[in-house]
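User: I keep seeing labels in structure descriptions and never know where they come from. Can you walk me through some?

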Amino acid sequence: MVAKMIRPNLQVYGRQIKRKIRKEQKCQQHPHSVPKEYSLHPDPLTRQFFSPDATRARSMRAALLIQRWYRQYVARLEMRRRCSWNIFQSIEYSGEQDHIKLYNFFGCLMDHFTPASSQKKWISHIFHESDAFQEMELERYFSYKNIEVPDVHSGPHLTFPLTISNVTELVDAFKNKQKLHAHYVLRLLEKTLMLLRFLPNINHVSTCKYKEITICGDLHGHLEDLLLIFYKNGFPSAETPYVFNGDFVDRGKESIEILLVLFAFQLLYPHDVHLNRGNHEDHIVNLRYGFTKEVLGKYRVHGKQILRLLQKIFSWLPLVTVIDHKVLILHGGISDKTDLNLIAKLDRQRFVSVFRPMRGEASVRQEEAERDDGRRRVQSLSYGTAVRLRPDLPRHSLHSASRQEVGSVEEELSERRRLAGLGLTSEQGSAKVLQTDAWRQIVDVLWSDPMAQDGCVPNEVRGGGCYWGPDVTQKVLDRHKLQLLIRSHECKQEGYEFCHNRRVLTIFSASNYYDVGSNRGAYIHLGPDHIPHFKPFQASRTTRELTLRQSVGRTERSALQALRMLLFTHKSELMREFHQHDPQHTGLISLRNWAVAMETVLHLGLPWRVLRSQLVSSSHDGMLNYDDWFNQLSIIQPNAKIANTSLLETLYKHHSNLETIFRMIDTDHSGLISFEEFHQTWKLLSSHLQTNISDKAISELAESIDFNKDGSIDINEFMEAFRLVEQSRAERKPSPISAEQTTDKH
């Protein structure tokens, strides 16, 4: 029965196919045939227009037009995305350089000036070895036994030695925004430090027993990215080894959670989980970029202990990982002076911070003797005169700081020591050279970036490390018989990027680094063939739901907002530069001169002429009214009222520097500073900037922000009160209706 029903249908279908074939054959025999409705048309041009050849030609032209339009559309979006990317990266590197300049300023202070006794405590502790807790003090900082975990604690509970169930419970707790109790945090850190102290500077890993090794780049507090990597690739285990290439903390809001998860897995699988140190595993960097603030906010009672332990742990993190003696993995890069044999032998734990060469015990004792004997007579910062740095001292990079130490400044200090009878012996001199060489090795490993040109030059864009070229890559890799260098340290739009003839590979694992949609993250699978296989990802679900145009537009708006804030903070300098291009004081400058002035003041290396349409809303005949332009910047004033505009602009412009100094002088990490410390902070900043801010203006500012009138200032409240915020269009420009209503009322 079924066969009878199917057979007629097949016959009908067969007849339809035959008719279609005959029709196509007829068209091929008569190529100039036209549709039936036009077959009797008297105009031959009309019949030719509807011919099959003409139709195919029109279709091809339409397809080419659509293709050209789409390519132009994508190219414009890509140009906007790259421009936004350049804005974010330029501002980021400018901030890093600013931070290093501030730190070099403190270093110069310590080398040339003896603070008054009231200031000695909170300036000298930044650098002195005596402030870093010694071995005999470890027990006091590991006093987790005195911290009880209440029975009602809803967070995860750990038992030691750790088990896989403990660690997975910890990961699930962090996924659900729970917090690990301080008792377990301190105990976990204790176990981690004990393990790290037995690890070498260079970890050697073999792929013999593994199918492949997973390599991750910067995470920067993005716990969501780490969890996504674990979801896609699996938890670390004896079968799934990992190498995490530094920069676990700062910028993101869940840095401490990332550290605790990674430390837990390393304790569980010490031979299969490897952690390299990054440039952000440094307590001085953490002061500026958020990790210190995060820990103190989450652990108000025991935050200080946790931070001090992490200082020690960071200094014990290995510097390099080598796979099969063929693949070199380090955080930043190399230089023409990089020597893996020297790196393997240095005492890495002595470099708690790499912002300054390590001082030997002899130099510390010598400096203490000089202070005690009163042999160095210098001016205190307590009084109004600003400290002037010598003009011949370069302050652009960490290597510049090294040259500063061993150059003319060192000669001057040696002369002072000679006059005081404290000259260095030859052994001390050679030891100092070795310490400086070791320090430079670490700085290059943590801070350097590759460049397209041959050579090796100081990295003055970041302020630390160097730029090295393809010739240096070939020289260093060939010398150590290596094939590939894998590094991180730089955000890449796709999460990875090759350079130097594919012998240098950058991997970055923090997606949405600058803003949602700004970049993808990635990790690498590396097998015994040493060929990297990339696994890009995007952690944010919001980004995956956006179209390309929406994603680029969102990133562009965020980048322009950050740039407008930067322009606002440099208003005085820009106005002075505009006046130089406007000698007649007409209030107008050409758009070309506007672009030149912007780069002269900001030094960001941005395509200002391309950005002009985004930053300049109106101009007449190629001329810009710069007073009106500044008024159009979408920035609102803070709530606090400050009459001193110079002080207000300094606060805006050096907001991050000011917060860094606050964190430095807040020695007990209480989040509160006294009026005296507030006053000394501003004096330090004015000395660094070589500006003069009156005591009266500082006092008025302190009183205006002492909200509860208790004589102390909350650092977080103060910084939030003066954080620049983008003003909405509704606030910037009243609507016509509201304007009419206002006119009617008057």
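Analyst: Sure, let's go through a few labels one at a time; keep in mind that this is a predicted model.

User: Why are α11 and α12 called oblique to each other?

Analyst: Helix α11 (residues 291–298) and helix α12 (residues 303–316) pack at an angle of about 140°. Roughly antiparallel needs an angle over 145, and roughly perpendicular covers 65 to 115. The angle fits neither range, so α11 and α12 count as oblique. Their axes are 8 Å apart, and the crossing is right-handed.

User: Which residues make the contact between α11 and α12?

Analyst: On the α11 side you have F291, T292, V295 and L296. From α12 come G303, K304, I306, L307, L310 and F314. Sorted by class, that gives seven nonpolar, two polar and one charged residues.

User: What makes F230 and Y242 an edge-to-face pair?

Analyst: Two checks. The ring centres are 5.8 Å apart, and a pair needs them within 6.5 Å. The planes sit at 85°, and over 60 degrees counts as edge-to-face, so that's the name the pair gets. F230 is in helix α8 (residues 223–233) and Y242 in strand β3 (residues 242–244), 12 residues apart. Both F230 and Y242 are buried, too.

User: And why is the pair of F578 and F630 called tilted?

Analyst: Here the centres are 6.1 Å apart, with 50° between the planes. Stacked needs under 30 degrees and edge-to-face needs over 60; the rest is tilted. An angle of 50° lands in that last group, so "tilted" it is. This pair links helix α21 (residues 571–580), home of F578, to helix α24 (residues 626–632), home of F630. The two residues are 52 residues apart in the chain.

User: How do you know that F578 and F630 are buried?

Analyst: Buried means under 20% relative accessible area. F578 has 0%, so F578 counts as buried. F630 has 6%, so F630 counts as buried as well. Ring pairs also tie F578 and F630 into a cluster with W594, W608, Y626 and W629.

User: What makes E254 count as buried or exposed?

Analyst: The same kind of check works here. E254 has 17% relative accessibility, and the cut-off for buried is under 20%, so E254 counts as buried. E254 is in the loop between β3 and α9 (255–268). Leaving out residues up to four places away in sequence, E254 touches K177, G221, L223, E224, E294 and K298.

Methods: Residues numbered from 1 in each chain as written. Predicted model: local features only at pLDDT ≥ 70, side-chain atom pairs only at ≥ 80, totals over all residues. Heavy atoms only, no water. Axes fitted to C-alpha atoms, helices over the stretch in contact; angles between N-to-C directions. Helix = DSSP H or I, 4+ residues; strand = E, 2+ residues; numbered from the N terminus. Parallel < 35°, antiparallel > 145°, perpendicular 65-115°, else oblique. Left-handed = near helix turned anticlockwise from the far one by under 90°. Contact = heavy atoms within 4.5 Å. Nonpolar A, V, L, I, M, F, W, Y, C, P; charged D, E, K, R; others polar. Phe/Tyr/Trp six-rings, centres within 6.5 Å; stacked < 30°, edge-to-face > 60°. Buried < 20%, exposed > 50% of the residue type's maximum accessible area, 1.4 Å probe, protein only.
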